[in-house]
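Me: I should like to understand why certain terms are applied to this structure. Please set each value against its definition and then conclude.

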Amino acid sequence: VVGPHPTLPEMLMLQLMLLAMNGDVVDRNSFTWLHGVISDGRFAARHFFDAAQRSVGVNTREIGSQGPHLGVRPPIG
């Protein structure tokens, strides 16, 4: 059984802790759906790491539109 999706503060803290320990960050080649939905459940936020910019990003996407990441666990509210 897979647990709930992380919240935005949880993901940001995880990345900060990994970077502080010189560890490898999460989501270099994929993304993680974040907990909750937006716009009456049509969209959800997702987290990613942009290696070129050395930055963490958050954007939104339609829940059913996962692009090349088929099989990624869908978001939950």
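Reply: Two strands are said to pair if DSSP finds at least two bridges between them. Please keep in mind that this is a predicted model.

Me: What makes strands β2 and β3 a pair?

Reply: The requirement is at least two bridges. Strand β2 (residues 43–50) is joined to strand β3 (residues 55–62) by eight bridges, and the two run antiparallel. The definition is therefore met, and the strands count as paired. As an example of the register, Thr 60 in β3 is the residue opposite Ala 45.

Me: What do β2 and β3 form, and how many residues lie between them?

Reply: They form a hairpin, with four residues between the two strands. In the turn, Arg 54 has a positive phi of about 50 degrees.

Me: How do you know that β1 and β2 pair?

Reply: Two bridges connect β1 and β2, in the antiparallel sense. The definition asks for at least two, so two bridges satisfy it. Thr 32 has His 47 in β2 as its bridge partner.

Me: What is the order of the strands in the sheet, and why do β1 and β3 stand at the edges?

Reply: The sheet is open and has three strands in the order β1-β2-β3, with antiparallel pairing. β1 (32–33) and β3 each have a single partner strand, so one side of each has no neighbour in the sheet.

Me: Why is Trp 33 called buried?

Reply: Buried means under 20% relative accessible area. Trp 33 has a relative accessible area of 1%, so the term buried applies. Phe 31, at 7% relative accessibility, is buried by the same rule.

Me: What makes Phe 31 and Trp 33 an edge-to-face pair?

Reply: Two values are needed here, because a pair of aromatic rings is described by the distance of the centres and the angle of the planes. Rings pair if their centres lie within 6.5 Å, and planes over 60 degrees apart count as edge-to-face. The count of aromatic pairs comes to one. In that pair, the ring centres of Phe 31 and Trp 33 are 5.3 Å apart and the planes stand at 85 degrees, so the arrangement is edge-to-face.

Me: How do you know that the charged end of Arg 46 sits over the ring of Phe 31?

Reply: The distance limit is 6 Å from the ring centre, and the charge must also lie within 35 degrees of the ring normal. The charged end of Arg 46 is 4.3 Å from the centre of the Phe 31 ring and sits over that ring.

Me: Why is the contact of Arg 28 with Asp 24 called a salt bridge?

Reply: The definition calls for a side-chain nitrogen of Lys or Arg within 4 Å of a carboxyl oxygen of Asp or Glu. The closest N and O atoms of Arg 28 and Asp 24 are 2.8 Å apart, so the pair qualifies. Arg 28 is partly exposed at 40% relative accessibility, whereas Asp 24 is exposed at 53%.

Me: How many salt bridges does the structure hold?

Reply: There are two. Besides the pair of Arg 28 and Asp 24, the side chains of Arg 42 and Glu 62 meet in a salt bridge at 3.8 Å, N to O. This pair links distant parts of the chain: Arg 42 belongs to the loop between β1 and β2, Glu 62 belongs to strand β3, and the two are 20 residues apart.

Me: Why is Asn 22 called exposed, and Ser 39 partly exposed?

Reply: Exposed means over 50% relative accessible area, and partly exposed covers the range between 20% and that limit. Asn 22, in the loop between α1 and β1, has 73% and is therefore exposed. Ser 39, in the loop between β1 and β2, has 42% and is therefore partly exposed.

Me: Which residues form the nonpolar patch on the surface?

Reply: Leu 8, Leu 12, Val 56 and Val 58 form it, with about 280 Å² of accessible area together. The elements giving two or more residues to the patch are α1 (8–20) and β3. A patch residue needs over 30% relative accessible area; Leu 12 has 39% and Val 58 has 41%, so both values pass this cut-off.

Conventions:
Residues are numbered from 1 along each chain as its sequence is written. This is a predicted model: local features need pLDDT of at least 70, side-chain atom pairs count only at pLDDT 80 or more; totals for chains, interfaces and linings use all residues. Side-chain values use heavy atoms; hydrogens and water are left out. Patches are made of residues with over 30% relative accessible area and no salt bridge: like charges are joined within 9 Å, nonpolar side chains (Val, Leu, Ile, Met, Phe, Trp, Tyr) within 5 Å. Accessible areas come from the Shrake-Rupley method with a 1.4 Å probe; for residues, only the protein chains shown count as cover. Buried means under 20% relative accessible area, exposed over 50%, partly exposed in between (1.4 Å probe, protein chains only). Rings of Phe, Tyr and Trp (its six-membered ring) pair if their centres lie within 6.5 Å; planes under 30 degrees apart count as stacked, over 60 as edge-to-face and the rest as tilted.
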